[in-house]
Amino acid sequence: MIPTFAHPLSLLSLLSVPLLIWWWLRRRRGALRFPNTNLLTQLPPGRSRTALWGGAGLRAAALTVLVIAMSGPRWPDLGTRLETEGIAIAMVVDVSGSMAEPDFDWDDKRTTRLNAVKEAFSLFVEGGQGPKDVRLEGRPADLIGLVTFATRPESACPLTLSHSVLLRMLQAEQPRSLPTESQTNIGDAIAWGLHTLDSAGARRKVMVILSDGEHNVPPPALKPRQAAQLAANLRVPIYTIDAGGEGVTKEPGAELPLSPATERIQGERTLQAVAKISGGRYFRAQDSNALLAACREIDRLERREIQSFQYRRYFEGYPWFGLAAFVLLAGVHLLEMTLWQRVP
């Protein structure tokens with residue numbers, strides 16, 4: 001197993017080792033004043049050359065091992081390996097009043113749009129088999145967070161690997177019924193989703209937003225196209241799922257200045273523009289089959305082969321390298337005081 005280093009930049013210090021050894025070889029040594037050295041030339045050759053180059057070699061080895069110790073070498077414990085795909089997903093779900101419209105079927109039972117979304121997203125996250133033998137693999141290695149929105153966005157669950165908690169929070173959501181809380185604020189919801197993804201670090205980040213209507217919250221709410229441009233700048237693709245019916249269900253307390261057909265067309269165009277600007281894709285989901293097909297396609301598009309692994313525990317090597325450097329330095333000093341002793 002190839003080691004990794006906790007502080008790899010420290011290895012650049014190895015470049016100084018040859019310079020230090022060159023300085024040690026060229027340094028001025030002590031000498032004895034003697035009027036005539038001719039008598040000394042007749043003596044047999046000693047161990048001076050061995051002492052010189054042996055001392056240089058051992059010092060170079062000690063410095064090299066010491067630098068390696070400073071860089072923090074470590075070997076991963078294979079028994080604690082975790083496979084990772086490096087994906088962070090923000091699920092942004094519309095919970096406005098129109099999501100209570102019972103125009104979806106799930107397992108041949110009539111249900112509301114929001115309940116169908118809960119079932120489809122549960123399969124997307126945990127995996128399993130849905131209606132008509134549709135099967136999803138799940139996303140066990142991905143960080144997933146949940147943002148809900150109506151008139152205002154709310155963070156229902158931050159990014160987490162504990163998907164059971166996430167799904168419990170999703171199942172607890174209900175359509176907003178108060179007139180002041182039942183509009184559709186897509187722009188601010190996207191911005192809130194980007195804020196949720198910010199904690200994912202270097203992982204790839206994607207957003208899945210599901211809505212059934214047109215953005216109908218006036219300024220200062222962010223416009224959907226403006227929010228999509230922010231996502232594009234951050235390289236976060238947005239997959240938009242349009243769960244609206246043929247017409248528009250009137251939100252409680254909301255005005256419809258346009259005809260239902262016109263507003264439905266505007267809602268489609270808004271979600272299409274958000275997906276296009278951010279580099280994602282738009283999906284039309286008028287029933288449960290189309291909703292599951294959209295989730296399955298997003299799962300396929302964001303399925304990456306495992307490129308790397310994470311480990312919970314490492315075997316640290318720096319103590320052994322530090323001990324080896326100490327032994328080498330102590331050894332060279334011991335030799336220079338005994339076998340390689342020089343006079344003076």
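Buried means under 20% relative accessible area, exposed means over 50%, and partly exposed lies in between (1.4 Å probe, protein chains only). This is a predicted model, where local features need pLDDT of at least 70, side-chain atom pairs count only at pLDDT 80 or more, and totals for chains, interfaces and linings use all residues. Residues are numbered from 1 along each chain as its sequence is written, and side-chain values use heavy atoms, with hydrogens and water left out.

**Exercise 1. Strand β11 and its neighbours**

Find which strands pair with β11, and work out why β11 counts as largely enclosed.

Solution.
Step 1. Start with the terms: helices (H or I, at least four residues) and strands (E, at least two) are DSSP runs, numbered from the N terminus. Two strands pair if DSSP finds at least two bridges between them.
Step 2. Strand β4 (residues 87-94) runs parallel to β11, and 7 bridges join the two. Look for V206 as the bridge partner of I89, and for M207 as that of A90.
Step 3. β11 also pairs with strand β12 (residues 238-242), in the parallel sense and over 5 bridges. Here L210 has I241 as its bridge partner.
Step 4. Now count the cover: 7 of the 8 residues of β11 are buried, so the rest of the structure largely encloses this strand.
Step 5. Add helix α7 (residues 224-233), and you have a right-handed β-α-β unit made of β11, α7 and β12. Right-handed here means that, with the strands pointing away from the viewer, the path from the first strand over the helix to the second runs clockwise.

**Exercise 2. The two sides of β4**

Decide which residues of β4 point one way and which the other.

Solution.
Step 1. Recall that side chains in a regular strand alternate between the two faces of the sheet.
Step 2. In β4, I87, I89, M91 and V93 point one way, while A88, A90, V92 and D94 point the other way; all are buried.
Step 3. With 8 of its 8 residues buried, β4 is largely enclosed by the rest of the structure.
Step 4. Strand β9 (residues 143-149) pairs with β4 in the parallel sense over 7 bridges, and I144 of β9 stands opposite I89.

**Exercise 3. Following R204**

Locate R204 and name the side chain with which it makes a polar contact.

Solution.
Step 1. R204 belongs to strand β11 (residues 204-211). R204 is partly exposed, at 31% relative accessibility.
Step 2. Its side chain makes a polar contact of 2.8 Å with the side chain of E302. A polar contact is a pair of N or O atoms within 3.5 Å; within protein, one must be able to donate a hydrogen and the other to accept it, and residues adjacent in sequence count only if both atoms are side-chain atoms.
Step 3. R204 and E302 are 98 residues apart along the chain, with 9.5 Å between their C-alpha atoms.

**Exercise 4. Salt bridges**

Take a salt bridge as a side-chain nitrogen of Lys or Arg within 4 Å of a carboxyl oxygen of Asp or Glu. How many are there by this rule?

Solution.
Step 1. The count comes to 13 salt bridges.
Step 2. Among them is the pair E173 and R176 (3.2 Å, N to O); both residues are buried.
Step 3. Another joins R284 to E268, with the closest N and O atoms 3.3 Å apart. R284 lies in strand β13 (residues 282-284) and E268 in helix α8 (residues 260-278), so this pair ties together parts 16 residues apart in sequence.
Step 4. R281 and E297 also meet in a salt bridge (3.1 Å, N to O). R281 is partly exposed, at 38% relative accessibility.
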